[in-house]
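Open your viewer and keep the selection box at hand. We will go stop by stop, with something to select at each one.

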Amino acid sequence: MRTQVGIIGAGPAGLFLAHLLHRAGISSVIIESRSREEVEGTVRAGVLEHWVAELIKDLGLGERMLREAHFHDGITLQWNRQRHHVDIAALTGGKHVTVYPQHEVLKDLIAGLLARGGEILFGARAAAIHGADTETPSVEFCRDATNTSEMLHCDYIAATDGFHGPGRQAIPAAKRVEYQKIYPFGWLGILTKAPLSWHELIYANQQDGFALLSTRSPDVQRMYIQCDPADDIAAWSDARIWDELHARLDTEGWALTEGPIFQKGIIPLRSFVCETMRHGRLFLAGDAAHIVPPTGAKGLNLAVADVRVLSRLLDAVHKTGDLSVLDRYSATCLRRIWKAERFSWYMTTMLHKNDEDSDFERRIHFAELDLIRTSESSARSLAENYVGLPFDNGHE
Ligand code: FAD
Ligand code: DHB
């Protein structure tokens, strides 16, 4: 098989890249190890930055999102049983928070790509990347159905294969520097069939720590609670989950509405960045190159930002034949990535109870929250980061 850009992984990074390349007249093939049903059924992120929602519309894929997503003017922060509304729309010149789940975005991207003649090989696992630093790179892969080894020959390879994929390891260890921080807490996430409890997302830091109230649809709600990342999910009965959620989210005269829990799971929290993101004709994008703790709602958005840069540079090469523009890829992406890492670390630190912290640090976190309440410049900084920083035009 032959294509211009071989893409490993049909997550947000791989699928947005395929669409952006298609729009630029560049061919691609996506190799995805899971089935379409699995990809479309995995519950992960919920919040889109303003420009990502706009991009979905620009790509002609926004019809269902416009019908089904929730568009919020702001978010609510809660501490000391008090709530504070951060008016994101007012602080950012009218930008909105779009709550539209990742797997719904993926369904729209997959259907749209297939309808445009795009090629996605589901149930095909990339086993090895060959010749990344030559002019003739290729991806060796194996389809579940046949269990035989095949080769995808291409001009460039995009490793959009997530944190555990083989892409990052294909950059020689001597060329990679990895930065990592593991947090001593995790998130227990649930989906519950219950009506909306509050008109926007609530990020709470109460005595026992963090909780997040989000939504999926008028009758399905998404909630998260800080927990020990080593906890066994079996130790979290539904009654215990509701007790903890009430303890962290209820306020005087207001109580969370309960419903049957139909999905629950625990994720660890980490920050991770791999520098460089390029080796010859191999480019890392999305979780393959970086991880943020989910508190800032940045992971999916950052994955799309990487492939926005990559597609523009490949388009420039396609038009001019000048390969030197590709030298800008890693540094351009990393400038945005480190700002998103900073914001995600800041939100995580401010909103969680860290047992390794002293009471002094805990009070500093409450002071930071109170600063957002009382200082417009602090609130604006949070709002600008949350809806997505502007692109660093001219330096891309
Ligand atoms: P992935 O989505 O991981 O996709 C990689 C794909 O590659 C997968 O489909 C995988 O099957 C495939 N693959 C892996 N190895 C191979 C191989 N060898 N061969 C072929 N295919 C392979 N982000 C936000 O922006 N906002 C949020 O609100 C948010 N909330 C989150 C909440 C939770 C609970 C979690 C877990 C994450 C959240 N995130 C959020 C993060 C977001 O989900 C990820 O950052 C995003 O999925 C990254 O996209 P990606 O395309 O880089 O990687
Ligand atoms: C959701 C996830 C997040 O990480 C976040 O910060 C906000 C919302 C969600 O899944 O709805």
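Which oxygen or nitrogen partner in the side chain of Tyr203 matters for the first stop, or put plainly, how far is an oxygen atom of ligand 2 from an N or O atom in the side chain of Tyr203? The distance is 2.7 Å. Keep in mind as you click around that this is a predicted model.

**Stop 1: ligand 2**

Stay on ligand 2 and add Ser214 to the selection. Here an N or O atom of the side chain sits 2.6 Å from an oxygen atom of the ligand. Next, pick Thr295, where the contact comes from the backbone: one of its N or O atoms is 3.5 Å from a ligand 2 oxygen. With a surface switched on, you can look at how the ligand is covered: on its own, ligand 2 exposes 290 Å², and the protein buries 97% of that.

Now select everything around the ligand. The shell holds 14 residues, and those that come nearest are Tyr203, Ser214, Arg216, Tyr224 and Pro294. Colour them by class and you should find eight nonpolar, three polar and three charged residues in the shell.

Which elements give two or more residues to this shell? They are β15, residues 209-217, and β16, residues 220-227. The most comes from β15, which gives three residues.

**Stop 2: the eight-stranded sheet**

Keep β15 and β16 highlighted and extend the selection to their sheet. It is an open sheet of eight strands, ordered β6-β5-β14-β15-β16-β13-β17-β20, with mixed pairing. At its edges are β6 and β20 (290-291), each of which pairs on one side only.

For a closer look at one pairing, select β13, residues 177-192, together with β16. The two run antiparallel and are joined by seven bridges. Zoom in on Gly189 and you will see Tyr224 of β16 opposite. That tyrosine is one of the residues that come nearest to ligand 2, which makes it a handy landmark for going back and forth between these two stops.

**Stop 3: ligand 1**

Move on to ligand 1. How many residues surround ligand 1? There are 33, and the closest are Glu32, Gln102, Ala126, Asp287 and Leu300.

Three polar contacts are good to display here:

- Gln102: a polar side-chain atom lies 2.7 Å from an oxygen atom of ligand 1.
- Ala126: a polar backbone atom is 2.9 Å from a nitrogen atom of ligand 1.
- Gly299: a polar backbone atom is 3.1 Å from an oxygen atom of ligand 1.

Repeat the surface view: taken alone, ligand 1 exposes 1000 Å², of which the protein buries 89%. By class, its shell divides into 14 nonpolar, eleven polar and eight charged residues.

To see where the shell comes from, colour α1 (12-23), β9, β16 and α8 (299-320), each of which supplies at least two residues. The most is given by α8, with four residues. Notice that β16 is among the elements here and also contributes to the shell around ligand 2.

**Stop 4: the three-stranded sheet**

From the shell of ligand 1, follow β9 into its own sheet. This one is open, has three strands in the order β9-β10-β11, and pairs antiparallel. Because β9 (124-130) and β11 (149-153) stand at the edges with a single partner strand each, one side of each is left without a neighbour in the sheet. Look along the sheet for its twist, which averages 30° from one strand to the next.

Then select β10, residues 138-143. Five bridges join this strand to β11, and the two run antiparallel. Within the pair, Cys142 stands opposite Ser149 of β11.

**Stop 5: two backbone details**

Select Glu275 and Thr276 and show the backbone. The peptide bond between them is cis, with omega near 5°. Thr276 is in the loop between β17 (261-275) and β18 (278-279).

Next, go to Arg81, which has a positive phi of about 65° although it is not a glycine. You will find Arg81 in the loop between β5 (75-79) and β6 (82-86).

**Last stop: zoom out**

Finish with the whole chain in cartoon view, where eleven helices and 20 strands are there to count. The C-alpha trace spans about 65 × 45 × 40 Å along its principal axes. For 396 residues, a compact globule would have a radius of gyration near 21 Å, and the chain agrees with its 21 Å.

Technical notes. Residues are numbered from 1 along each chain as its sequence is written. Chains are lettered from A and ligands numbered from 1 in the order in which they are written. This is a predicted model: local features need pLDDT of at least 70, side-chain atom pairs count only at pLDDT 80 or more; totals for chains, interfaces and linings use all residues. Side-chain values use heavy atoms; hydrogens and water are left out. A residue is near a molecule or strand if one of its heavy atoms lies within 4 Å of it. A polar contact is a pair of N or O atoms within 3.5 Å; within protein, one must be able to donate a hydrogen and the other to accept it, and residues adjacent in sequence count only if both atoms are side-chain atoms. Accessible areas come from the Shrake-Rupley method with a 1.4 Å probe; for residues, only the protein chains shown count as cover. Ala, Val, Leu, Ile, Met, Phe, Trp, Tyr, Cys and Pro count as nonpolar, Asp, Glu, Lys and Arg as charged, and the others, Gly among them, as polar. Two strands pair if DSSP finds at least two bridges between them. Axes are lines fitted to C-alpha atoms, for helices over the stretch in contact, and angles run from 0 to 180 degrees between N-to-C directions. The radius of gyration is taken over C-alpha atoms; the globule rule is 2.2 Å times the number of residues to the power 0.38.
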